[in-house]
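These are my notebook entries on a structure I examined element by element. I set down what I looked up and what I found.

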2 protein chains.
Amino acid sequence: MQDKKYLMIPGPTPVPPTVVAAMSQPLIGHRSDDFAKLHEQIVGKLKKVLQTNNDIFVLTNSGTGSLETAIANTVNPGDKVLALITGNFGERFANIAKAYGAKVDEVDFGWGNDVDLKVVEEKLAADSGYKVVLATQNETSTGVKNDIAGIAALVSKTPALLLVDGVSGIGAIEHKTDEWGVDILCTASQKALMLPPGLSVITVSEKAWRVVNDNQSPRFYFSLPAAKKVYDKWNTAYTPGVSMFLGMDAALDMMLAEGMDNVYARHALLAKATRAAAKALGLKLLSEDRCASNALTAVWSPEGIGADDIRKVLKKQYGITFAGGQGKLKGKIFRIAHMGFSDKMDIMIAISALEMALAQVGYSVELGTGVKAAQEVFLGKVE
Amino acid sequence: MQDKKYLMIPGPTPVPPTVVAAMSQPLIGHRSDDFAKLHEQIVGKLKKVLQTNNDIFVLTNSGTGSLETAIANTVNPGDKVLALITGNFGERFANIAKAYGAKVDEVDFGWGNDVDLKVVEEKLAADSGYKVVLATQNETSTGVKNDIAGIAALVSKTPALLLVDGVSGIGAIEHKTDEWGVDILCTASQKALMLPPGLSVITVSEKAWRVVNDNQSPRFYFSLPAAKKVYDKWNTAYTPGVSMFLGMDAALDMMLAEGMDNVYARHALLAKATRAAAKALGLKLLSEDRCASNALTAVWSPEGIGADDIRKVLKKQYGITFAGGQGKLKGKIFRIAHMGFSDKMDIMIAISALEMALAQVGYSVELGTGVKAAQEVFLGKVE
């Protein structure tokens with residue numbers, strides 16, 4: 001018997017039963033008053049989560065679609081774009097800009113590191129011609145959190161727009177869209193927002209609208225002006241994923257009932273416990289504590305042991321899925337997600353199974369030491 | 001008490017409980033073997049439904065996204081496009097081509113009419129420079145079915161590609177992708193495929209691939225070459241709507257278990273009964289029987305009575321939603337969908353409530369006559 005499954009990858013994440021129930025309601029027409037009310041409610045709740053009064057559009061596509069929406073509406077061929085890259089998803093954002101013909105200045109800070117603000121300051125000072133700057137809030141491939149507040153403080157002094165990929169961090173790590181001055185924020189349903197993949201969310205500032213409205217790149221499904229045209233009636237330009245909207249309303253209710261400060265504190269606690277456990281087991285973490293993500297933890301596999309061998313044992317014998325490494329980190333790291341519908345016992349499961357799997361692949365481990373380290377964090381015995 | 005709702009619009013349509021249950025399963029990782037198996041299964045089943053051996057991609061966006069995928073991968077600025085328009089969605093397809101800079105030759109056959117093959121033949125003979133031809137299988141705004149076999153026979157003799165919007169007809173009206181020679185077929189989840197909105201499907205012929213691979217328009221999320229690159233591993237380029245994939249697998253099982261011939265015959269029967277009932281009530285139909293859609297029926301509101309007044313009574317007093325008219329038909333027609341998870345009793349509900357609503361808004365109607373006409377169709381008493 002091995003029916004219980006524990007999905008611990010950085011999206012899709014487990015969906016709470018309440019949200020599944022909401023999504024299972026009978027369909028409603030997307031041009032009905034009922035849908036308009038639902039849409040209005042969701043945007044109102046998203047404004048609280050994203051701390052913004054900007055327009056918010058819920059798009060029927062996964063996260064990459066929202067990144068392309070950001071680019072297609074602000075970038076024309078030949079435009080200068082500054083891409084701040086800390087991993088796979090930073091590279092993807094830059095590649096979308098290239099697909100739209102931008103001249104992309106790619107600054108790679110190295111996988112496992114965060115964006116160095118001094119470099120950003122120098123770049124912006126040396127060249128005043130950037131039309132947009134691309135940044136990643138939470139780099140899913142490395143478990144690194146970037147200082148969006150710091151980046152925004154620099155970019156907002158220039159004419160450039162700041163486009164932020166918040167796909168895997170929003171809902172796990174506090175983000176202040178308006179206070180920090182983020183022009184376009186993108187996120188998606190299947191991470192800390194506790195839904196299946198299929199919806200994404202984008203916010204658009206006043207500064208961004210001035211560029212968006214005049215942009216010349218081809219856009220239809222991803223057109224923000226088309227979405228804006230029917231926004232005041234709480235309509236959508238094209239058919240929305242109605243069931244997912246019903247689920248999003250329920251998921252946002254759960255988050256707001258818990259209180260966003262509590263949601264962020266919970267994620268921080270889970271991350272702290274996971275990191276403490278990994279260290280107690282003698283494992284090396286990919287990122288420094290300073291810039292470690294609260295949404296997921298990336299861990300180096302012990303020397304001589306393939307990360308995917310550990311993952312295979314976890315999956316086959318314990319029903320647990322950790323994510324592997326992407327790109328240049330393939331086979332070298334594993335990533336434990338603790339975002340969204342995730343709590344202390346999930347960390348107990350992850351760490352206790354990891355201890356057994358490590359022992360099974362030949363790594364010398366004292367069983368229970370990782371669990372103990374995590375427990376001490378939960379019991380408040382660690383600063 | 002009025003909790004029962006009857007959604008009779010041409011998408012989203014009601015989702016069968018079996019499909020809801022499938023979508024409610026715990027999430028699985030989209031880079032897992034389990035997902036690859038699911039993906040392979042779905043494509044195998046779609047090949048049967050769409051009668052094709054072409055590549056089939058399931059995209060995470062609603063139908064308009066698949067239309068844009070067709071255009072973004074085949075059309076460059078300045079390309080000549082022939083758009084065969086029979087209503088709102090034909091116009092939309094043409095507008096997407098314009099957004100990508102095409103020179104679009106729009107032939108409007110009039111709302112309520114189907115495409116005249118003679119005109120297509122003349123157009124193709126007069127100008128050999130069309131790169132693509134756009135056609136709509138089932139025009140949702142008017143309830144008209146176009147002769148895709150006939151159009152394809154003409155286009156396949158030329159170098160042009162035939163792109164077909166099959167969003168609202170696939171699964172309701174037989175379509176032979178390969179036998180007819182349709183280069184790119186687009187459809188979506190929320191119509192006769194019995195799912196919520198959020199997935200679309202696109203098929204690509206060998207002839208189309210030669211154009212797609214060399215196309216220069218910006219594309220990333222909608223890139224067919226990116227999708228193709230990971231297709232042999234049953235992977236997707238970007239995060240797929242996993243729960244919807246689970247639902248699609250179940251919905252396709254239902255359709256194939258019923259047998260596609262039976263599915264099409266059921267739709268034809270429901271359409272025939274609906275049309276017979278409307279005529280028996282003295283109502284005029286928008287389209288001739290010859291080109292009437294089996295997926296939905298568009299009916300003129302009686303003179304002097306607003307279609308939306310009838311719809312309001314239906315919704316408020318009987319929990320029934322018919323669709324209204326779009327564009328130039330707004331307020332003048334109502335549309336009754338009978339596609340997907342729809343059977344004889346749905347028509348009984350629709351027609352009996354329509355009779356009451358007509359009486360309530362002041363139209364002289366003999367109660368029961370519409371129902372009787374539909375019953376006679378179901379009992380085989382009408383040729």
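Before the helix pairs, I fix one convention: an axis is a line fitted to C-alpha atoms, for helices over the stretch in contact, and angles run from 0 to 180 degrees between N-to-C directions. I also note that the model is predicted.

**Entry: α5 and α6 of chain A**

I looked up helix α5 (residues 117-126) and helix α6 (residues 148-155) of chain A, whose axes come within 10 Å and cross at roughly 15 degrees. Angles under 35 degrees count as roughly parallel, and α5(A) and α6(A) are therefore roughly parallel to each other. I recorded their crossing as right-handed. On the α5(A) side, the contact is made by L117(A), V120(A), E121(A) and L124(A). On the α6(A) side, I listed G150(A), I151(A), L154(A) and V155(A). By class, the residues of this α5(A)–α6(A) contact are six nonpolar, one polar and one charged.

**Entry: α12 and α13 of chain A**

Next I took helix α12 (residues 307-318) and helix α13 (residues 344-360) of chain A. Their axes come within 9 Å and cross at roughly 120 degrees; α12(A) and α13(A) are therefore oblique to each other. The crossing of α12(A) and α13(A) is right-handed. From α12(A), the residues in contact are I310(A), V313(A), L314(A), Q317(A) and Y318(A). From α13(A), they are A353(A), L354(A), M356(A), A357(A), L358(A) and Q360(A). I counted nine nonpolar residues, two polar and no charged in the contact of α12(A) with α13(A).

**Entry: α11 and α13 of chain B**

In chain B, I examined helix α11 (residues 260-280) against helix α13 (residues 344-360). They pack at an angle of about 20 degrees, with their axes 10 Å apart, and α11(B) and α13(B) are therefore roughly parallel to each other. I noted a right-handed crossing of α11(B) past α13(B). The residues that α11(B) brings to the contact are L269(B), L270(B), A273(B), T274(B) and A277(B), and they meet K344(B), I347(B) and I351(B) in α13(B). The composition of the α11(B)–α13(B) contact is six nonpolar, one polar and one charged.

**Entry: the sheet of chain A**

I traced an open sheet of seven strands in chain A, in the order β2-β10-β9-β8-β5-β3-β4, with mixed pairing. Which strands stand at the edges of the chain A sheet? I found β2 (55-59) and β4 (103-108) of chain A there, each with a single partner strand, so one side of each is left without a neighbour in the sheet. The twist averages 15 degrees from one strand to the next.

For β2(A), I then looked up the partner, strand β10 (residues 200-204) of chain A; the two run antiparallel and are joined by five bridges. L59(A) stands opposite S200(A) in β10(A). I also noted helix α2 (residues 33-50) of chain A, which lies across β2, β9 (184-188) and β10 of chain A and runs at about 115 degrees to β2(A).

**Entry: the sheet of chain B**

For chain B, I recorded an open sheet of seven strands in the order β2-β10-β9-β8-β5-β3-β4, with mixed pairing. Within chain B, I examined strand β3 (residues 80-85) and strand β5 (residues 130-136), which pair in the parallel sense over four bridges. K80(B) stands opposite Y130(B) in β5(B).

**Entry: backbone exceptions**

Most residues other than glycine have a negative phi, and most peptide bonds are trans. I therefore searched for departures from both of these tendencies.

A cis peptide bond joins G11(A) and P12(A), with omega about -5 degrees. I placed P12(A) in the loop between β1 (6-8) and α1 (17-23) of chain A. In chain B, a cis peptide bond joins G11(B) and P12(B), also with omega about -5 degrees.

W234(A) is not a glycine, yet I read a positive phi of about 55 degrees for it. W234(A) lies in the loop between α9 (224-229) and α10 (242-258) of chain A.

**Entry: relation of the chains**

How can chain A be laid on chain B? I found a turn of 180 degrees and a shift of 0.0 Å along the axis, with an RMSD of 0.0 Å. That is the relation of a two-fold axis. In chain A, the C-alpha nearest the axis belongs to N61(A), 2.3 Å from it. I checked the interface last: 100% of the interface residues of chain A are also interface residues in chain B, so the copies meet through the same surface.

Methods:
Residues are numbered from 1 along each chain as its sequence is written. Chains are lettered from A and ligands numbered from 1 in the order in which they are written. This is a predicted model: local features need pLDDT of at least 70, side-chain atom pairs count only at pLDDT 80 or more; totals for chains, interfaces and linings use all residues. Side-chain values use heavy atoms; hydrogens and water are left out. Copies are superposed by least squares on the C-alpha atoms of residues with pLDDT of at least 70 in both. Contact means heavy atoms within 4.5 Å. Angles under 35 degrees count as roughly parallel, over 145 as roughly antiparallel, 65 to 115 as roughly perpendicular and the rest as oblique. A crossing is left-handed if the near helix is turned anticlockwise from the far one by less than a right angle, and right-handed if clockwise. Ala, Val, Leu, Ile, Met, Phe, Trp, Tyr, Cys and Pro count as nonpolar, Asp, Glu, Lys and Arg as charged, and the others, Gly among them, as polar. Two strands pair if DSSP finds at least two bridges between them.
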